[in-house]
Amino acid sequence: MTEIPRPGKIIAVHLNYLSRAVQRGRTPAAPSYFFKPASSVGRSGGTVERPAGTELLAFEGEIALIIGTAARRVGVDEAWSHVASITASNDLGLYDLRAADKGSNVRSKGGDGYTPLGPGLIDAASVDPAGLRVRAWVNGELRQDDSTAGLLFPLPRLVADLSQHFTLEPGDVILAGTPAGSSVIVPGDVVEIEVDAPDADGAPTSGRLITTVTRGEAPFDPALGSLPAVDDLQRAEAWGSREAAGLSADDAPGISPELRAKLEAAPTAGLSSQLRKRGLHSCFIDGVHANIAGAKIVGTAKTLRFIPAREDLFKSHGGGYNAQKRAFDAVGEGEVIVIEARGDAGTGTLGDILALRAKTRGAAGVVTDGGVRDADAVAEIGLPVFSKGAHPSVLGRRHVPWESDVAIACGGAAVQPGDIIVGDGDGVIVIPADLAEEVADAALAQEDEDAWIAEQVAAGHPVDGLFPMNAQWREKYALRQAQGPEEDSA
């Protein structure tokens, strides 16, 4: 076992593997970080405590980079030369304290022993940073197996990026993120992490980093700070999925099956009318039409924003795994991708490949105030798309894919992630999630009333006093409601 010097600082990446990003349903455009205290370092063969009163301690197998020479404002090409060694780490986290930390992870990931490292070191100069592998076992069962080929942000980029902001000093540790497969561990579990370079000469390895979970006895003092608290979102993220956490899919965040059925039955015209009655007059996405006749979409908004084309910005943001591809790769079941293209239909904002990806992931549809490429193929795929029309050109002609999961403007309407989108032959509207149930119920009630009025008009009654109903007709309608349609005496 190699003795690893106590690091001056430990910097960890929040999200860096594509497999984990897909699992979480979000893909960052750039790396983000948090610090862990040096007191969290542990050694192979040690223990880690799950504190009293908590339930969601999770393991995360990670590749740890140990800085060898100081790095300040270094480029990507030279960044790897500042890394001395590579080893295994377990970036343990307590989800019970995650919400209170709001991304800093000070308490949720800063506990004593929550960053075990080792047991051996791999010479960084002897391996390709793109050819490393990390694996994790719990009680002998393989739970994680991924390589640096699956990173969103390569290892040298992390070193270069961090060196823009502060000096990386010898002994500092960078934790490169964890792949899919991280889950909850309980007292008595034994976790093993190994990092290796299977294709390098000699297949160097860190050896297995072994940590045993113990049960804590000391409770948190309620007079001192935030207490552990969990909800179903934290349970699902800690376990890796709602299913693994033993949660029902019907209780997942978003639109309940009952509300979805109501919104599918309610026309956008009626929903729009109810929004106006509640003082919301700007919830209609103007100028978009369905690619499939009779298409209806209902879902929560996942947003994507394009900015006007500019050659230097397209070079930096338009190629590779850009914001557009990330959004389509991460769209969840029942979500609607809503695209801000500034009403410019002079180029496509999606094509058949991305439409197929969205369809495969269970997206409810796409709404864009721009154009659509491969329009016939997109229609054949069967994904409902509301757009300003077809156009054969690609993004670079008019747009740069810029960011996702932010508030946008689409067809003159403000759209926030999580808003409810409903579209049909009359167009597309945006409903604030907290009003959706109320608006849907009122729209369906109005539909029933309008249908009864139509019956009276068909029977020969004049619309004067009937549409809208005066007191006499309102009384007749109330009587019909009380008796039921089969006893209608109007």
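Half of the protein is interior by the accessibility criterion: of its 490 residues, 50% count as buried. The model is a predicted one. Its secondary structure comes to 13 helices and 26 strands, and the C-alpha trace spans about 95 × 55 × 35 Å along the principal axes. Among contacts with a separation of 6 or more, 77% are made by residues 24 or more positions apart.

One element of the fold is an open sheet of seven strands, in which the order is β2-β1-β12-β6-β7-β9-β3 and the pairing is mixed. Strands β2 and β3 (41-43) form the edges, each of them pairing on one side only. On average, and with direction ignored, neighbouring strands of this sheet are turned by 35° against each other. Strands of a sheet pair through backbone hydrogen bonds, in either a parallel or an antiparallel manner. For β6 and strand β7 (residues 83-90) the sense is antiparallel, and the pairing extends over seven bridges. Within this pairing, L65 has I86 of β7 as its bridge partner. Helix α4 packs on the sheet, where it touches β1 (10-13), β2, β6, β7 and β12. The direction of α4 makes about 80° with that of β2.

Aromatic contacts were examined next. A pair of aromatic rings is described by the distance of the centres and the angle of the planes. The count of aromatic pairs comes to three. In one of them, the rings of F35 and F166 have centres 5.8 Å apart and planes at 40°. This pair is classed as tilted because its angle of 40° falls between the limits of 30 degrees for stacked and 60 for edge-to-face. The two residues come from distant parts of the chain, 131 residues apart: F35 belongs to strand β2 (residues 33-36), and F166 to the loop between α4 (155-165) and β12 (173-175). F35 is partly exposed, with 48% relative accessibility. F166 is also partly exposed, at a relative accessible area of 23%.

A second pair consists of W452 and W473, with 5.8 Å from centre to centre and 70° between the planes, an edge-to-face arrangement. W452 is located in helix α12 (residues 436-458) and W473 in helix α13 (residues 471-483), so the pair ties together parts that are 21 residues apart in sequence. W452 is buried, with a relative accessibility of 0%. W473 has a relative accessible area of 10% and is therefore buried as well, the limit for this class being under 20%. Ring pairs join W452 and W473 with Y477 in a cluster.

Charged side chains are also found over aromatic rings. K476 lies over the face of W473, at 4.4 Å from the ring centre. Elsewhere, R208 is placed over the face of W137, and here the distance from the ring centre is 3.5 Å.

Three further polar or charged positions were considered individually. E60 is situated in the loop between β5 (57-58) and β6 (61-67). This residue is buried because its relative accessible area is 7%, where the class requires a value under 20%. Leaving aside residues up to four places away in sequence, E60 touches R20, S89, N90, D91, Y95, K109, Q144, T178 and S182.

Q324 is part of helix α9 (residues 323-330). With a relative accessible area of 8%, Q324 is likewise buried. The side chain of Q324 reaches the backbone oxygen of T349 at 2.9 Å. T349 also appears among the residues touched by Q324, together with L304, F306, L350, L354, L395 and P401, when residues up to four places away in sequence are not counted.

E311, by contrast, is exposed, with a relative accessible area of 68%. The residue is found in helix α8 (residues 311-317). Although E311 and R397 are 86 residues apart along the chain, their C-alpha atoms are separated by 9.6 Å.

Note on methods
Residues are numbered from 1 along each chain as its sequence is written. Side-chain values use heavy atoms; hydrogens and water are left out. Helices (H or I, at least four residues) and strands (E, at least two) are DSSP runs, numbered from the N terminus. Buried means under 20% relative accessible area, exposed over 50%, partly exposed in between (1.4 Å probe, protein chains only). A polar contact is a pair of N or O atoms within 3.5 Å; within protein, one must be able to donate a hydrogen and the other to accept it, and residues adjacent in sequence count only if both atoms are side-chain atoms. Contact means heavy atoms within 4.5 Å. Rings of Phe, Tyr and Trp (its six-membered ring) pair if their centres lie within 6.5 Å; planes under 30 degrees apart count as stacked, over 60 as edge-to-face and the rest as tilted. A charge sits over a ring if NZ of Lys or CZ of Arg is within 6 Å of the ring centre and within 35 degrees of the ring normal. Two strands pair if DSSP finds at least two bridges between them. Axes are lines fitted to C-alpha atoms, for helices over the stretch in contact, and angles run from 0 to 180 degrees between N-to-C directions.
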